[in-house]
Amino acid sequence: MEHWDFVGRAGDLSRLRAAATSPDERGLILSGAAGIGKSRLLHEAVSSLKATNWAVRRASANIATSGLPFGGLAQILPADPPAGLSPAGLLRWAVDGLTEDADGRPIVLAVDDAHLLDPPSAALAHLLVREGATLLATLRTSEPVPPPITALWTEGLVAHATLAPLTPQESRELLTTLVGGPVEAGSAQRLGRLGGGNPLLLRELVAAAIAGGELTEAYGFQRWTGRLALAPSLAELVDARIGGLSAGVRGVLELVAFGEPIGLELLMRAADPDDVETAEERELIRVVSDDRRREVQLAHPLYGEVVRRRCPVTRARRLLAQLAGLVEDAGSKRRNDLLRVAVWRLDSGTAQSGEALLKAATEAFAGFDIALAGRLASAARDAGAGFAAAELLATALLFTGEPEQAVGVLDESAGGGARQVTARAAVEFFGLGRASAANLLTTALAETTQDAAHLRAFEAFLRLQLGEPARARELAGQVLEQPGAGVPSQALARFVLAFLAAAGGDPDTARELIDEVERERATWQRDTPTLQFALQMALGTLVGVGLDLPAIDRILAAEFADLAQAGGFGFGSGWVSLLQAHAAWLRGRTGEALRAVDQACAALAPVRSYDGSAHFGRAMVAALRGDPALALASVAIGEKAAGAAVGLYYPWHQQARAWAHASAGDLDEAIKILLALAERTRADGYFGQELLALYDVVRLGRPEPVRARIGELAGAVGGRATPLFARHASAVTGEDFLAVAREFAGLGYEVFAAEAAAGAVRRFRTVRDPGALAAGTLLGDVLSRCDLVRTPALTAVQPALTVRERQVAELAAGGVRSREIADRLFLSPRTVENHLQRVYTKLGVGGRNELAPALRLLPQ
């Protein structure tokens, strides 16, 4: 990691290069914080300038030379100036010498850390620009700048801009470069946020994580444990940026470090306003506006890590208690104040009730901060909050991959009644993979009707996971018919029925059930926050079976997706990644889909119940990309890793198996699997998933045995794609296929559009219909928007050409005559014509006019 590839900053790099090469500009000065990447950007910009065209002169100012006349530019000046020259004469001598050395080429002066230039060097840089040179320079923000340099942009001679931190995407790209491979999405998001867009600090973070063993590899992705190893080099970097602080300013920094974001009014009340002002002037803190509030944050996230670790324990406890008191006195008006105060009280050792800690733990869990929820729940249990605290602690341990510890917590707790039974069943089922855990609920005794409803609702959820939809439906119905069942139990029952409706191809009913539960969120989220994950399962099935791309996009843009990945929550992060992959491959972005399923494999590796689902997802994407080895290997891993919950998603798993076989060329086995899947889903009432399985048979070129059933389902299954599935299954002529392809493309289903267009091309070619040109053009347009897609329908119209045939065909398609082609390729005209005839036959075209669109269909 001593040197890393340059990533990001494309706009800044282009601007610097344009300033260096444009005859109308005299240069650009970039300001930015230490480590923001100014020096590397300047180096990249001038490295591309050819010495034959420009006289590039590079200099780097530093503290050691800042007190020496011309010390800052000594690297580019002749060694021995004439004796006895006045200061003005020395400037003239330097300008003339550099001009002569340039030998007529434009001078580009590149100065790193120009704020450290000594006065004569700064004056020389100014004079050079006035006499036609171009200046590219960097400055450190908030450092004093020599007046001659400042005058360059105030007088309009050169442009001045501030270099912004790396964007999240650029931070991810740099992380990939630093670790030598992809980083799991949640880890990349957290590391990037901690690095604050500063390349140097991000590099030190990664170096410390590697040295401390805090980066682990799973399925080709690096995953950060979340533990920050604060290496000495990292602490020194932060110390250098903070600098020496007075006691008052340090106190301000400590308050913000422990309390950010903190209201400006509260901070002014807790500290001397002069010290707050000084901290802001030194860019240690920043004030941001949030609606009508003004809040104070640290200027960089790592300041907080260093300040908190360097703060003595006793002072830290005092500061935390002070912050809690300030917020409580102000009335705890912000949404997260309850949670913040609870954490401060817990860490300061000041008194707080178990009930308050449990409320805070529930809030943390609802925000998908599972680790914090577990810590607060543990404290709440110790403070006497009863079984509810133990239940939440056990759930947090389950979700962080520690089911054995969760079992221990439940065994040590008493008084939970029906909730203790369901909590134990959840840990055994999801954490330990024991399908028999559902039987605990069947045999458990209930003291009240509410307890009975709770047991039935949770058993319905587990029966659904086990692939017993009829029993799940029966139990969920009983809960909804039970007077006094309780809102949480009814919510879970509705989620079960919503899942069944979505899988059954009834999106309207599924949506109504989900909306009804959403209206009661405030009630069930306090009592049973884990219902949030049942909600995500139901939503995922609703949009996945319905192939509802706009709805998937809305889910991925919502708060859950960001929180799940930002918090390092494996189940949530994996679920989000699988949804991303589903939308991506439907749109033909198979490269993006493959990255997403790989992310899911890494995120779900510790989640025993759902680990296999990620591998089946990868098998599907690999098959679509024409990679049978990866597809079949992923199926094998998925089958081995599948836990007790495999029954819930068996249709997706079987589809992946079928496509893996299809990619390997075994279409008979693939269709056999799909027909068996269709029969099973029909028996289970999963008519939406039955339709998807049958449509896969159509996509594989065997519509005859499924055409009638698809026609029946078209009248019963909802979704935008359903009518097009039926039309594709019944299509006969090239015009039929072409019309379907155009409509698929209009809805964003690029893979389906490409396959339907390929069907049109085949039929038009068979009868030598000129419509092949329009179909081929559409197919080429669709494929141009896709990544690699190699399904059987597409490979049928993508015959292999030899290298020579490809060369001849491309020249002919470009309008080159046969004799000219022969001359270029050292062939005889007769041989060229023979090659062209073979190409026409392979591509199914009638002549040169149809070559260009036909060639666009072939993989590059």
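I take helices as DSSP runs of H or I with at least four residues, numbered from the N terminus. By that count Arg-494 sits in helix H24, residues 487-503. The model I am reading is predicted.

Entry, Arg-494. I looked up whether this side chain is buried or exposed. Arg-494 has 17% relative accessibility, and the cut-off for buried is under 20%, so Arg-494 counts as buried. I then listed its contacts, leaving aside neighbours within four places in sequence. Arg-494 is in contact with Leu-480, Leu-513, Glu-516 and Val-517.

Entry, whole chain. I noted 46 helices and 10 strands in the secondary structure of the chain. The C-alpha atoms fill a box of roughly 100 × 95 × 45 Å along the principal axes. Of the 860 residues, 53% are buried. I also checked contacts between residues at least 6 apart in sequence: 67% of these join residues at least 24 apart.

Entry, nonpolar cores. I asked which residues have the most contacts inside the largest nonpolar core. They are Leu-376, Phe-458, Phe-725, Phe-744, Phe-752 and Leu-779, in a core of 167 residues. H24, the helix that holds Arg-494, gives the most to this core, with 12 residues. I followed Phe-725 further, not counting residues up to four places away in sequence. Phe-725 touches Leu-547, Leu-691, Leu-692, Tyr-695, Ile-710, Phe-744 and Phe-752. Two of the listed partners, Phe-744 and Phe-752, are also among the residues with the most contacts in the core. A second core is separate and has 51 residues, including Leu-194, Leu-228, Leu-298 and Leu-320.

Entry, H18 and H19. I looked at how helix H18 (residues 387-399) packs with helix H19 (residues 403-412). Their axes come within 7 Å and cross at roughly 170 degrees. Angles over 145 degrees count as roughly antiparallel, so H18 and H19 are roughly antiparallel to each other. From H18, the residues in contact are Phe-387, Ala-390, Leu-393, Ala-394, Leu-397 and Leu-398. They meet Pro-403, Gln-405, Ala-406, Val-409 and Leu-410 in H19. By class, I find 10 nonpolar residues, 1 polar and no charged ones in this contact.

Entry, H10. I checked the length of helix H10, residues 247-259. At 1.5 Å a residue its 13 residues should span 18 Å, and the end C-alpha atoms are 18 Å apart, so the two agree. I then listed the buried residues of H10: Val-249, Val-252, Leu-253, Glu-254, Leu-255, Val-256, Ala-257, Phe-258 and Gly-259.

Note on methods
Residues are numbered from 1 along each chain as its sequence is written. This is a predicted model: local features need pLDDT of at least 70, side-chain atom pairs count only at pLDDT 80 or more; totals for chains, interfaces and linings use all residues. Side-chain values use heavy atoms; hydrogens and water are left out. Helices (H or I, at least four residues) and strands (E, at least two) are DSSP runs, numbered from the N terminus. Buried means under 20% relative accessible area, exposed over 50%, partly exposed in between (1.4 Å probe, protein chains only). Contact means heavy atoms within 4.5 Å. Axes are lines fitted to C-alpha atoms, for helices over the stretch in contact, and angles run from 0 to 180 degrees between N-to-C directions. Angles under 35 degrees count as roughly parallel, over 145 as roughly antiparallel, 65 to 115 as roughly perpendicular and the rest as oblique. Ala, Val, Leu, Ile, Met, Phe, Trp, Tyr, Cys and Pro count as nonpolar, Asp, Glu, Lys and Arg as charged, and the others, Gly among them, as polar. The expected span of a helix is 1.5 Å times one less than its number of residues. A nonpolar core is a set of buried Ala, Val, Leu, Ile, Met, Phe, Trp, Tyr and Cys residues joined through side-chain atoms within 4.5 Å.
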